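Please read these points with the structure open beside you. They are meant for a colleague who is meeting this structure here.

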Amino acid sequence: MSTASPARRTIAVMLLIPAVVAFALWAFAWPAARLAPHDLPVGVAGPAASAAPLERHFEHRQGAFAVHRYADEAAARQAIEDRVVYGAVVTTPEGPKVLTASAASPVVAQLLKDSVAAGAPPGVRLATEDVVSTPAGDPRGGALASSVLPLALAGVAAGAMVTGLGLRGTRSVVALTGAAALVGVTATGLTDSWLGVLAGGWWAEAGAFTLATLAVGATVAGLAALLGPAGIGLGALLVVLLGNPFSGVATAPELLPEPAGLIGQWLPPGAGGSLLRSVAYFDGGGAGGPALTLTLWAVLGLIAVLIGGRRRTTAPALTATRPAGPAPAG
């Protein structure tokens, strides 16, 4: 029980809650209010002479776009499918042709079309093609974006339950891994088999859900094993109040104000959203980085769980084997 006086505890509550609200509003509202492209990777394809004006158009907004040059439309399409660029503009005799990938980001797809249309000469017909589109069951890509927060909450709940139930060491690792695997299967059954909003390999999607959940759960449980109950709050703050709004899964990391997008991709929600998008729509294109990030979080968290469990097991043992002092005289 806290030794602070009731007056101090009252003041602590009055000050802490507004501070948490201010942090949450900053984390969620700031990125949403400052959406703009920052080094957004786009492609330009076609002969150098006709593609040069398109390159200059994108480079005119300094720092907004990162332009990749491709020899022809086929190379640009491959770059989109590999998630190297979000879209591309191809020069044709009839005028520019915009290749988009709404599965990568519907917001960026519309942004690319609007940008090219604004720079096209009057009367030029703008052809567009969605190279990698979202499934018919989720044309705006909202279902995938909505899956990030439930996964984060599932991971936080798993880490908190393992800590609250007193599971340690190997049992904690088994519980976290098993819960994450069941979350992965359940989530894939709902989003792929039932709703039809994912279009990739079933087991690859289940693996992405599992790894994302395990990364969060292991992080929360690991922090709790090392820091005590305060670790649960720290893990929840890191994942839910920071990782979720910085994930960029509803728009694109490159649209968030810097460095929020970069930070978000290094946290489990952002990496989990990117991995799920890659396996669900792009046959694993661009999945390597997010998968590695999630694996690092999961491995480091599980190691912390094992270390924390060993420390707590060893401490009572040392206390029990410590020789008793001399009996008091008299």
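1. A word on terms is needed at the start: two strands are taken to pair if DSSP finds at least two bridges between them, and strands are DSSP runs of at least two residues, numbered from the N terminus. The model under discussion is a predicted one.

2. With that in hand, Thr 92 can be placed, since this residue stands opposite Gly 95 in β4. The strands concerned are β3, residues 88–92, and β4, residues 95–100, which run antiparallel and are joined by five bridges.

3. These two strands belong to an open sheet of five, whose order is β2-β1-β3-β4-β5 and whose pairing is mixed. At the edges stand β2 (65–70) and β5 (127–130), and because each has a single partner strand, one side of each is left without a neighbour in the sheet. From one strand to the next, the twist averages 20°.

4. Two helices should be examined together with the sheet. Helix α3, residues 73–81, packs on the sheet and touches β1 (40–45), β2, β3, β4 and β5, with a direction that makes about 25° with that of β4. Helix α4, residues 106–119, lies across β1, β2, β3, β4 and β5, and runs at about 170° to β4.

5. Is Thr 91, a residue of strand β3, buried or exposed? Thr 91 has a relative accessible area of 17%, and because buried means under 20%, Thr 91 counts as buried. Its side chain is joined to that of Ser 50 by a polar contact of 3.2 Å. Leaving aside residues up to four places away in sequence, Thr 91 touches Ala 45, Gly 46, Pro 47, Ser 50, Ala 51 and Leu 54.

How values were computed: Residues are numbered from 1 along each chain as its sequence is written. This is a predicted model: local features need pLDDT of at least 70, side-chain atom pairs count only at pLDDT 80 or more; totals for chains, interfaces and linings use all residues. Side-chain values use heavy atoms; hydrogens and water are left out. Helices (H or I, at least four residues) and strands (E, at least two) are DSSP runs, numbered from the N terminus. Axes are lines fitted to C-alpha atoms, for helices over the stretch in contact, and angles run from 0 to 180 degrees between N-to-C directions. Contact means heavy atoms within 4.5 Å. Buried means under 20% relative accessible area, exposed over 50%, partly exposed in between (1.4 Å probe, protein chains only). A polar contact is a pair of N or O atoms within 3.5 Å; within protein, one must be able to donate a hydrogen and the other to accept it, and residues adjacent in sequence count only if both atoms are side-chain atoms.
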